[in-house]
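Colleague: I am new to reading models and would like a close look at one charged residue and its partner. Could you walk me through it slowly?

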Amino acid sequence: MTTSTASSAEPRPGLAAAASADRGILTRDFSLWYGGFQALIGVSASIRPGRITALIGPSGCGKTTLLRSFNRMNERFPGVRTSGQITIMGQNILAPEVSLIELRKSVGMVFQRPNPLPLSIYDNVVFGLRLHGGAGSLCRAEEKLAVEKALREVFLWDAVKDRLGARATELQLEQQQKLCIARLLPLRPEVLLMDEPCSALDAEATAAVEELLDGMRRRYTIVIVTHNMAQARRVSDDCIYMLSGRLVEHGPTAELFINPRDRRTEEYIEGRYG
Amino acid sequence: MSPPEAGPSTLGSGPDRAANLFAATDLTRRKLRAQRIAKYAFGAMAAAIVLPLLLILAYLLVRAWPMLSWGFITEVPANFMRGGGVWPALVGTLYLVTFSLLVAAPIGVLAGIYLNEFARDNWFTRAVNLAVINLAGVPSIVHALFGVGAFVIFAGLGKSILAASLTLAIMTLPVIIVSTKEALNAVPMAFRQACWNLGASRWQVIRTIVLPNSISGILTGLILQVSRAAGDTAPIMFTGVVFYMAVEPGTLLPYSPTDQCMALAYHLYTVTTQVQDAPEALPYATAVVLIGFVFVFNSAAIILRTRLRAKKKW
């Protein structure tokens, strides 16, 4: 099983170029344990920069764990150990001199449930800037500009421009989730991690967020965990299929869905399990 | 065509069953009766909590009435404690409560923040938490003995306002820590996660999000401890309060921290047990002043809390 996994995990020819690029995400033989339980087993993947990569697989396959490893969010759980390497923008993020604060500035995350802060819409968007700016580093006009730019980027500006002082927690769920994406942008992140960002949204809101993702392609390296096969197919350029903590298959989405190389991938995307 | 026989016979098939398919059956009526009985019984218990409180307050006021006057608050005891007012005791209690709060509030709140926001789950944290819980359960007379040993004798403070306040602080500290932790714990984890993911340091998260959203809960814990510190007699009677202390009537700062002082709770105890031929209304009037003191202190905190809570945004 191990050998077959390893062979099918080899990058396809179409992905080979990514290995040399230093803006993407590169994992080498990455394993992660929660105490005695090994959640990730020797994951090696090369995620292409400026693309949307979907992580798919049945519940408990480790896709969320892998996603959370990219900005080291797993570490606050007790008993988490890792081995192997994760390189983002050419930098090993597991190196001891890496500051989590700086890492998370560049690698932002969007959660399943929208989690706007209990502040105004405006304050939510500039929250990150204020965290990193030090006191009074930005004048009001610059702040306003950053807020407008971020909100326009997520198609939220027109809906909220007249009530930026309103509480973010009172927005509709879809708008909250867009705001949660917008609030990452003023920090100019390189990578956006999304953990089932649409699972709390209805079909219409999901479509809106997917449209937004489509517009963000090329500008950010986006990794998205999803349970929704159709969504993975619609939004992603590349797809990683995981099972029981192992990376089973990684390839361009179109190819992976039409012509999966691994029997288990085929069975999963056909809906035979998961 | 007649309707089919109503379901299982236990579910009631009386004559009215046919009249309306959804009419209450005997079983349903029994359920509703049980619910009604429970509602009134529990309601009576809830009322039983309020009733004694009102009765006590009314009784105190009636018995205290002959002596209650503005002068009773602003004057010093006269005629060998049988007359005059309670000013020195009132100011003494204010001193004790303020000093103990000045010590216990920062230590307790900061320790609570550490335990809830920074501490990892290890043997040290568990030991601290266990100590806090056990300390909260120690009787106040034991705190008094500790205060005598630690502050009066060992630290050399003697019997003084300082020693008594520190003893009160030790007594109130554990509960302040626990209530602070609970208030912080009530702030949803999602807020912290959101901040950490923007690269916020733990302290930034605490300062900008966690504290503003938990301050009202933290204040509630502090308010409760004010009442406790003002009302408890045991911890102060060996460590810094006296039977009588001559001060100028109406002066706001009659004591220095190294002085001993009078206190309302102890005054109440002495005029009840130690003073012969004290007027009957005297202890009741003292009790009314003590309750009034706690009430004023709490009201101020409750107003502050309401203001802060109005800003809470989720």
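Colleague: Does A:E153 count as buried or exposed?

Modeller: A:E153 counts as buried, because its relative accessibility is 15%, and buried means under 20% relative accessible area, exposed over 50% and partly exposed in between (1.4 Å probe, protein chains only). Before going on, note that this is a predicted model, where local features need pLDDT of at least 70, side-chain atom pairs count only at pLDDT 80 or more, and totals for chains, interfaces and linings use all residues. Residues are numbered from 1 along each chain as its sequence is written, chains are lettered from A and ligands numbered from 1 in the order written, and side-chain values use heavy atoms, with hydrogens and water left out.

Now for the partner. The side chain of A:E153 meets that of A:R219 in a salt bridge, 2.6 Å from N to O; the term means a side-chain nitrogen of Lys or Arg within 4 Å of a carboxyl oxygen of Asp or Glu. Side chains of opposite charge can pair when their charged atoms come close. A:E153 belongs to helix α6 (residues 140–153) of chain A, while A:R219 sits in the loop between α9 (203–216) and β8 (221–225) of that chain, so the bridge ties together parts that are 66 residues apart in sequence. Such elements are DSSP runs numbered from the N terminus: helices (H or I) have at least four residues and strands (E) at least two. A:R219 is partly exposed, with a relative accessible area of 42%.

How does this fit with the rest? The whole structure holds 19 salt bridges over all chains. Another of them joins A:E267 and A:R263, at 3.3 Å from N to O. These two are four residues apart in helix α12 (residues 263–269) of chain A, so about one helical turn separates them. A:R263 counts as exposed, at 54% relative accessibility.

Chain B offers an example as well: B:R63 and B:E280 pair at 2.1 Å, N to O. B:R63 is in helix α2 (residues 26–64) of chain B, and B:E280 is in the loop between α11 (264–273) and α12 (281–310) of chain B, so this pair ties together parts 217 residues apart in sequence. B:R63 is partly exposed at 26%, whereas B:E280 is exposed at 56%. Salt bridges can also share partners: A:D123, A:R130, A:R140 and A:E143 are joined this way into one network.

What about the boundary between the chains? There, 25 residues of chain A are in contact with 22 residues of chain B, contact meaning heavy atoms within 4.5 Å. Even so, the count of salt bridges between chain A and chain B is zero.

Disulfides are absent too: a search of the whole structure finds zero over all chains, where the term means a pair of cysteine sulfur atoms within 2.5 Å. The sulfur of A:C180 has its closest cysteine sulfur in B:C195, 11 Å away, which is too far for a bond. For A:C198, the closest cysteine sulfur is in A:C180, at 12 Å, again too far. Like A:E153, both of these chain A cysteines are buried, A:C180 at 2% and A:C198 at 7%.
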